[in-house]
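Here's a quick briefing to read with the structure open beside you. Take a look at the fold first, then work through the notes below.

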Amino acid sequence: TGIIEIDHLSKQYGSGTKALSDVSLTINEGEIIALLGPNGAGKTTLISIICGLVVPTGGTVRVGGHDIRTDWRAARRMIGLVPQEIALEPFEKVINSVRFTRGLYGEGPDDAYIEQVLRSLALWDKRDAATKELSGGMKRRVLIAKALAHRPKVLFLDEPTAGVDVALRREMWQVVEQLRRDGVTIILTTHYLEEAEEMADRVGVINHGQLLLVKPTAELMDEF
Ligand code: ADP
Ligand code: ADP
């Protein structure tokens, strides 16, 4: 059994759009999986369902054994979500921003853990800076720190390098490598094959709401 079990999942929006059709996938603890597909493929819908932000039309999702529909709170607690958009309070200090997110999950302060997270993301020296003073790369790392604040077992990165330059993309790859060493299970979405190849152990290709194939990255290279 995997840390995430997706079984015959489907989603049709009220508009009639079929965003996901019969998607089944087991994600193992500690692995990094990339969901690769063009715009409109259904990647964000899939992540949003697993995170409990969108209700599926059919099928089930379990996170750490918790059904997202009947046991949403326990499932959600295991997940950290790094959104695509950078949304930070400009005048808030980095460390307070991370503390705040932890509080949202009903977790008390754990400054030792928060220090560990900020150090691993090379943000400790910036802990008292206002978020508006940070570079784009640092802001992205703050979003990751916030997503890790409640010690999730699984981290979702939605298009972590959308619209960033090459240097920043490499920086994000290094951050993901660091998280892998920390044992975090990572699911990321991308529309770059190169990025999937660089970061992931396995790649799932999504198009038109269907999971077309899931393969170890090394084997995927033979397909293209
Ligand atoms: P991706 O993340 O791969 O770009 P999405 O999951 O965002 O794909 O979108 C999949 C399909 O569902 C697209 O056709 C998109 O237009 C549609 N869609 C996404 N969100 C909504 C929504 N809230 N209401 C209606 N249709 C949506
Ligand atoms: P609840 O507290 O109602 O159980 P959640 O714990 O899922 O809900 O999240 C509470 C609020 O925090 C939501 O509005 C959600 O959008 C926001 N949130 C969840 N995860 C993050 C995150 N990693 N960074 C910033 N905000 C987040």
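In this predicted model, an N or O atom in the side chain of arginine 73 sits 2.9 Å from an oxygen atom of ligand 2. That's one of the polar contacts around the two ligands covered below, and after those we get to a helix, a strand pairing and a buried glutamate.

**Around ligand 2**
- Besides Arg73, the residues around ligand 2 include Trp72, Arg76, Leu81, Thr101, Leu104, Tyr105 and Ala147.
- Arginine 76 brings a polar side-chain atom to 3.3 Å from a nitrogen atom of ligand 2.
- Leucine 81 joins in through its backbone: an N or O atom there lies 3.2 Å from a nitrogen atom of the ligand.

**Around ligand 1**
- Ligand 1 has a run of neighbours from Pro38 through Asn39, Gly40, Ala41, Gly42, Lys43 and Thr44 to Thr45, along with Tyr13, Ser15, Thr17 and Ala19.
- Glycine 42 uses its backbone here, with an N or O atom 2.9 Å from an oxygen atom of ligand 1.
- For threonine 44, look at the side chain: an N or O atom in it is 2.7 Å from an oxygen atom of ligand 1.
- Threonine 45 also has a polar side-chain atom by ligand 1, 2.5 Å from an oxygen atom.

**Helix H6**
- H6 spans residues 166-181, so to speak 16 residues of helix, and its first and last C-alpha atoms are 23 Å apart, close to the 22 Å expected at 1.5 Å a residue.
- Leu168, Arg169, Met172, Trp173, Val175, Val176 and Leu179 are the buried residues of H6.
- Looking down the axis of H6, you'll find the buried residues within an arc of 160°, so they line one face of the helix.
- Turn to the other side of H6 and you meet Val166, Ala167, Gln174 and Arg181, which are exposed.
- The cover over the buried residues of H6 includes strands S3 (32-36), S7 (154-157) and S8 (185-190), plus helices H5 (136-148) and H7 (193-199).
- At the N-terminal end, aspartate 165 caps H6, with a side-chain oxygen 3.3 Å from the backbone nitrogen of alanine 167.
- After H6 comes glycine 183, with a positive phi near 85°.

**Strand S9 and its partners**
- Strand S9 (residues 202-207) is mostly covered, with five of its six residues buried.
- S3, which helps cover H6, runs parallel to S9, and four bridges join the two.
- S10 (residues 210-216) pairs with S9 as well, this time antiparallel and over six bridges.
- Glycine 204 in S9 is a handy landmark: leucine 35 stands opposite this glycine, and so does valine 214 in S10.
- Two residues separate the strands in the S9-S10 hairpin, where histidine 208 has a positive phi near 50°.

**Glutamate 31**
- Is glutamate 31 buried or exposed? At 8% relative accessibility, glutamate 31 counts as buried, because the cut-off for buried is under 20%.
- You'll find glutamate 31 in the loop between strand S2 (18-27) and S3.
- The glutamate 31 side chain makes a polar contact of 2.6 Å with the side chain of arginine 202.
- Leaving out residues up to four places away in sequence, glutamate 31 touches Thr26, Val184, Thr185, Ile186, Asp201 and Arg202.

How values were computed:
Residues numbered from 1 in each chain as written. Chains lettered and ligands numbered in written order. Predicted model: local features only at pLDDT ≥ 70, side-chain atom pairs only at ≥ 80, totals over all residues. Heavy atoms only, no water. Expected span 1.5 Å × (residues − 1). Buried < 20%, exposed > 50% of the residue type's maximum accessible area, 1.4 Å probe, protein only. Arc of directions from axis to C-beta. Contact = heavy atoms within 4.5 Å. Polar contact = N/O pair within 3.5 Å; in protein donor to acceptor, adjacent residues only side chain to side chain. Pairing = 2+ DSSP bridges. Near = heavy atom within 4 Å.
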